[in-house]
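Let's take a walk through this one together. Have the sequence and the 3D view open side by side, and we'll go stop by stop.

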Amino acid sequence: MALGIRHRVALLLAATVGLSLVYTGSALAATQWVNDDQPVGGNTSCANPGFMDIQSAVDAANPLDTVRVCPGVYAGDVEITKRLTVRGAKFGLDARTRGTANESIVSGGSLVWGFALMADRITVDGFTFRNVATGSGVWLSAANSGHIVQNNIIQGNSLGIYANSSAVFQNIIRTNLIRNNNSAGSGVDGTGIYGDGGMKRMLITRNAIRNQQNVGINLASVPATENRNVTIQFNQSLNNRTFVAMFGNNTNIQIRQNQSNDTVPGDDGSQATAIFMTDNAVGILVANNTIRNSPFSGVAVRDNGPGAQPMNVDINFNQILNPDGNGVDVTDDAPGAVSVFRNTIRSAGLDGIFFGLGTSENFINTNNAKFSADFDCQDLSSGTGTALTGNDWTNNVGPVADPPGICHN
């Protein structure tokens with residue numbers, strides 16, 4: 001009996017210590033309040049803030065603190081070098097649909113960012129970033145990861161989000177409204193989301209990206225860097241010159257269940273393909289997207305000479321409607337580089353499905369292409385494949401085909 005009592009007492013003490021540790025840990029995190037139009041006070045609320053500028057609050061905060069930024073207009077050039085949650089007045093509210101009154105606005109700056117995220121696991125939620133004329137609204141360091149950038153309106157900058165990351169923690173960019181970032185100065189002016197220093201373990205989801213005169217999402221890379229394990233899904237692209245472009249080294253990229261539309265046909269002559277890839281793009285999935293009114297082709301796969309050829313590219317289950325050029329456009333001459341499966345293509349300005357002269361050993365299976373201005377299916381290659389082309393065409397619907405036999409009515 002006594003042994004049982006001692007056992008229960010020990011368990012009770014252990015539980016009490018555990019609760020004490022939980023409460024102690026949570027008590028360590030504090031909130032720093034920022035308001036640009038209230039005098040500094042007790043640091044308890046917007047009415048009684050501790051700081052009038054964001055950088056001072058960030059500098060004073062300890063890791064795991066929250067910085068709350070009240071409605072107002074604040075200077076950019078904020079450098080965040082510790083793990084913090086930084087919340088604007090609209091944190092938790094989807095930037096794609098919310099009203100724009102009473103925003104926490106980060107504007108301008110002499111450097112090249114509104115916020116720079118220079119530590120692991122920083123969250124930025126609920127701001128408007130605007131008029132960083134020579135740089136990006138939000139800048140993510142390639143040396144860090146665990147970034148969460150959500151519910152922000154990012155507009156009027158040269159670049160929306162400069163999105164590099166390491167592979168240690170998952171990175172998320174979601175429910176942002178990214179539009180009209182077309183000011184000159186960054187070198188990649190007119191880009192919504194851009195990575196060239198290594199974008200890894202990145203989820204880009206449920207963003208609205210609009211009116212970017214260069215690229216909505218640009219996965220570039222410089223020598224010796226690579227973008228890897230990036231998922232782009234459930235985004236809405238509207239009137240961007242290109243929705244997604246891939247240059248340099250890109251591995252395991254998924255582009256799925258997005259919607260792209262161009263509603264301004266008068267500027268198509270200066271615009272480009274909705275989803276474009278070239279160079280060392282390896283393991284690319286383009287699936288279940290709806291692409292409307294692309295200024296040129298819907299999806300294009302290009303090589304850039306020996307050693308710079310996309311491989312293992314799957315283009316599956318997409319709807320490509322009214323592209324000005326080709327629906328699916330492949331000129332990559334790496335053997336067996338591309339599989340095109342169960343896509344629906346309507347009213348292409350050129351060809352529904354096009355494979356170029358040097359292509360070979362690709363698989364084109366169970367697609368449906370109709371009402372194209374030139375051919376529903378065209379293959380300029382030669383070899384021992386279907387209809388003496390270099391490729392394997394199986395069970396495709398396309399009433400007008402060149403050569404006959406690669407598609408059927």
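**Cysteines, cores and a strand trio**

C407 is buried, at 9% relative accessible area, where buried means under 20%, exposed means over 50%, and partly exposed is anything in between (1.4 Å probe, protein chains only). Its partner is C377: the two form a disulfide with the sulfur atoms 2.0 Å apart, a disulfide being a pair of cysteine sulfur atoms within 2.5 Å. C377 sits in strand β37 (residues 377-379) and C407 in the segment after β39 (401-402), so the bond ties together parts that are 30 residues apart in sequence. C377 is buried too, with a relative accessible area of 0%. The twist about the S-S bond is -95°, which makes the C377 and C407 link left-handed.

A quick word on ground rules. This is a predicted model, so local features need pLDDT of at least 70 and side-chain atom pairs count only at pLDDT 80 or more, while totals for chains, interfaces and linings use all residues. Residues are numbered from 1 along each chain as its sequence is written, and side-chain values use heavy atoms, with hydrogens and water left out. As for the element names, helices (H or I, at least four residues) and strands (E, at least two) are DSSP runs, numbered from the N terminus.

How many disulfides does the structure hold? There are 2, and the other bond is between C46 and C70, again with sulfur atoms 2.0 Å apart. This pair links distant parts of the chain, 24 residues apart: C46 is in the loop between β1 and α2 (54-60), and C70 is in the loop between β2 (66-69) and β3 (72-75). At -100° about the S-S bond, the C46 and C70 link is left-handed. Its two ends differ in cover: C46 is partly exposed, at 29% relative accessible area, whereas C70 is buried at 2%. Number the bonded cysteines in sequence order and the pairing reads 1-2, 3-4.

Now swing over to Q32, in strand β1 (residues 31-34). Is Q32 buried or exposed? It counts as buried because its relative accessible area is 9%. Its side chain makes a polar contact of 2.9 Å with the side chain of N43, and another, at 3.2 Å, with that of D65. A polar contact here is a pair of N or O atoms within 3.5 Å; within protein, one must be able to donate a hydrogen and the other to accept it, and residues adjacent in sequence count only if both atoms are side-chain atoms. Beyond its neighbours within four places in sequence, Q32 is in contact (heavy atoms within 4.5 Å) with residues including F51, A57 and R68.

Next, the nonpolar interior. A nonpolar core is a set of buried Ala, Val, Leu, Ile, Met, Phe, Trp, Tyr and Cys residues joined through side-chain atoms within 4.5 Å. The largest has 73 residues, and I54 and F115 have the most contacts inside it. A second, separate core of 5 residues includes L159, Y162, V188 and A220. Leaving aside neighbours within four places, F115 touches I54, and its other contacts include V78, F127 and W139.

Last stop: strand β32 (residues 338-341), with V338 and V340 on its covered face and S339 and F341 on the uncovered one. Strand β29 (residues 311-316) runs parallel to β32, joined by 4 bridges, and V313 stands opposite V338. Strand β35 (residues 363-365) also pairs with β32 in the parallel sense, over 3 bridges, with F363 as the bridge partner of S339. Pairing requires that DSSP finds at least two bridges between the strands.
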